[in-house]
Amino acid sequence: MGLAEYRAKRSFRSTPEPPPGAAKGRGDLRFVVQKHEATRPHYDFRLELDSVLKSWAVPKGPSMDPSVKHLAMQTEDHPLEYRKFAGVIPEGNYGAGKVTIWDEGTYEPIEPAKTRAERAVILRRGYKKGDFKFRLNGRKLKGEFVLVKLKGGPMAKGGNNWLLIKHRDQFAKEGQK
Ligand code: MN
């Protein structure tokens, strides 16, 4: 996807959001969830992969309950610098509204992998298959999750709809919608 769409949607003279910079990921792969009080409030779920943040808008937010499947609409890739962004996007700009960091931490594939490069290979393969499994090590979100890409049907307009689902593990919390 790259960052052309991210740039095209924004005027960096009028939004405090970061323009794509020189940040290169190193060490552990990172994730962030930002609460976005836009016209339609949602949570932005972002995972570092291939030097960008793969991004999904989750209207109901992530859940630790494995029995719920929350719609996650894939949005444009964001630059790695966005991981630290919190602030108010002024009226008249794309995504106007307040952004706060709701959770953040590291993430990794569920399959064991020794190096950052090996982890990226496994994650990229899952992402491309539309069966993207990973383990989150955040403050709120912990343990195994999957993003499953929906295929076909009227819900899959543009092919951007996924479901975010918690796996059953020691961190799962039944009954927490
Ligand atoms: Mn958003």
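This note covers the two largest pockets of the structure, with their volumes and linings.

1. Status of the model. The structure is a predicted model. The pocket linings below use all residues, whatever their pLDDT.

2. Largest pocket, volume and centre. The volume of the largest pocket is about 560 Å³. Its lining runs to 27 residues. Nearest the centre of this pocket lie His-36, His-42, Ala-57, Thr-75 and Tyr-94. Start with these five residues when you look at the model.

3. Largest pocket, strands. Two strands, β2 (42–49) and β4 (69–79), each give at least two residues to the lining of the largest pocket. β4 has the largest share, with five residues.

4. Largest pocket, chemistry. The lining is mixed: ten residues are nonpolar, eight are polar and nine are charged.

5. Second largest pocket, volume and residues. The second largest pocket holds about 160 Å³ of space. Among the residues that line this pocket are Ile-110, Glu-111, Ile-122, Leu-123 and Arg-125. The lining also includes Gly-126, Lys-129, Asp-131, Phe-132 and Lys-133.

6. Second largest pocket, helix and strand. Here α2 (116–129) and β7 (131–138) each supply at least two lining residues. α2 provides the largest share, five residues.

7. Second largest pocket, chemistry. Five lining residues are charged, four are nonpolar and one is polar.

Key:
Residues are numbered from 1 along each chain as its sequence is written. This is a predicted model: local features need pLDDT of at least 70, side-chain atom pairs count only at pLDDT 80 or more; totals for chains, interfaces and linings use all residues. Side-chain values use heavy atoms; hydrogens and water are left out. On a 1 Å grid over the protein atoms alone, a cavity is a set of points where a 1.4 Å probe fits but cannot get out, and a pocket is an open set with protein on both sides within 12 Å along at least five of seven lines; lining residues have an atom within 4 Å of a point. Grid points are joined across faces, edges and corners, and a volume is the space filled by probe spheres set on the points. Helices (H or I, at least four residues) and strands (E, at least two) are DSSP runs, numbered from the N terminus. Ala, Val, Leu, Ile, Met, Phe, Trp, Tyr, Cys and Pro count as nonpolar, Asp, Glu, Lys and Arg as charged, and the others, Gly among them, as polar.
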